[in-house]
Amino acid sequence: VCVCVWSVWVLCVCVCVWSVWVLCVCVFVCGQSGFCVCVCGQSGFCVCVVSLGFVCVCVCGQSGFCKELGELRRSRPKSPLGGDFSLSDCFYFYRRGVEDIVEDEVTQRFSSEELVWWNLLTRTNYDFHYISLKLTMVWVLGVFVRYCILAPLRIMLASIGLTWLVIGTTIVGFLPEWRLKSWLSEWVHVMCYRICARGLSATIHYHNKENRPRKGGICVANHTSPIDVVILCNDGCYAMVGQSHGGLMGVLQRAMAKACPHIWFERADMKDRHLVAKRLRDHVNDKTKLPILIFPEGTCINNTSVMMFKKGSFEIGATIYPVAIKYDPQFGDAFWNSAKYNMVSYLLRMMTSWAIVCDVWYLPAMHQQEGEDAVQFANRVKSAIAHQGGLLDLCWDGGLKRAKVKDTFKEQQQKMYSNMLVRGEEESSHNSDKLPPP
């Protein structure tokens, strides 16, 4: 009997040590930032669950996490020793971690979308591959057309558009604050943006124009590229919100601010949420001013999904006008990977593409419902944009492009798993109390 008990105990210890060791090796080899969840049940058992990276269980959300793990727990037999913990729970976290290492839902949104077919552009994440002589000659011919014929014309048009924008807004800025000044300002902005769009060979299809943003509201859209502003301003004029810059960008900002009430903040002011909210609220309360254009994601996403909207623009209480933008990657990749290309390189890539083709959908105006907080309102608007544009709706913060996952996400998963164990313990004890005495 002692030998049998000792053998079973050694076998259990070896299985536990082997499981934890395999998980730790995977974390080390794959270079993921693992975290450890330590949960103790009422029966005294302790499990160390290693999660592989930040995109493991959190991607499912609370409902998906409880549903998947709950199905696994219902399919296994109950432990004869009591308690609601089982070693098989570890393999759920292990499987999700391996899946996310192979392909997760977050990091792939920060690189260019891979095409199923080749559009004669080196616009993928892979270098040029030789296939055949005929195809290579066609590609060389395309390079000659794009770089030697289209690019010079596009650069000239873009230069004309930017020059007219600076000159026109500066002249309009000297006019008195009459209705004529507002009309001329909108006319100059739209004209110059349309010239710049011609410099990108942009082909834009606008849908549901009756829902276009109106004055005194806020226009929110998914963000793929800096040229999103050019795309939207071809069909109407908006007031911009952003940080003040120097150089050529600063010259454009100062000239535009003279003719139109754009909202530019200094770097120190951008950190003051109350100051930003006050200026936005003052702007939307004036029904004579242009609608504000805001990209709540805060960073560029590769136009395959919509990530978490910052709640700042949804706390003001103004009318929200959602807009969905979807680019066609067959003619050119509009996504700006700021970690890989600077602004000049990116614009050169845009001007040497075949064209920029996109669809813009104006959605009906949305208001914050009674009992709905800013986060819920932002998620509702984000879901509507994702559904209309055929994009994937993700709950992750786009700031993960440059920052690590927050500890609150990890603590949330720990709490969810702990509550599941405690709830299982309570249900087991409650059912045992109902059993009749032997």
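This report describes the overall make-up of a predicted model and then one of its helices, α4.

## Overall make-up

The chain contains 12 helices and 11 strands. It has 438 residues, and 43% of them count as buried. Among contacts with a separation of 6 or more, 74% are between residues 24 or more positions apart.

The exposed area of the chain is about 24,000 Å², with 63% of it supplied by carbon and sulfur atoms.

## Helix α4: length and kink

Helix α4 runs over residues 133-173, which is 41 residues. At 1.5 Å a residue the helix should span 60 Å, and the 57 Å between its end C-alpha atoms therefore agrees with that expectation. The helix has a kink of about 40 degrees at L150. The proline P152 follows shortly after the kink.

## Helix α4: buried residues and packing

Which residues of α4 are buried? They are T136, W139, G142, R146, A151, R154, A158, G161, L165, G168, T169 and V172. In an α-helix, residues three or four places apart point the same way, because there are 3.6 residues a turn.

The partners of the buried α4 residues are three other helices: α5 (179-198), α7 (247-259) and α10 (343-351).

## Annotated transmembrane regions

An unreviewed UniProt entry carries the annotation "transmembrane region" for residues 6-31, 43-65, 128-148 and 155-175. In the model, residues 155-175 are 90% helix and 0% strand. The end C-alpha atoms of residues 155-175 lie 31 Å apart.

Terms used. Residues are numbered from 1 along each chain as its sequence is written. This is a predicted model: local features need pLDDT of at least 70, side-chain atom pairs count only at pLDDT 80 or more; totals for chains, interfaces and linings use all residues. Side-chain values use heavy atoms; hydrogens and water are left out. Helices (H or I, at least four residues) and strands (E, at least two) are DSSP runs, numbered from the N terminus. Buried means under 20% relative accessible area, exposed over 50%, partly exposed in between (1.4 Å probe, protein chains only). Contact means heavy atoms within 4.5 Å. Accessible areas come from the Shrake-Rupley method with a 1.4 Å probe; for residues, only the protein chains shown count as cover. The expected span of a helix is 1.5 Å times one less than its number of residues. The bend at a residue is the angle between axes fitted to the seven residues ending there and the seven starting there. UniProt positions are given in the numbering used here, feature names are shortened, and annotations may be inferred rather than shown by experiment.
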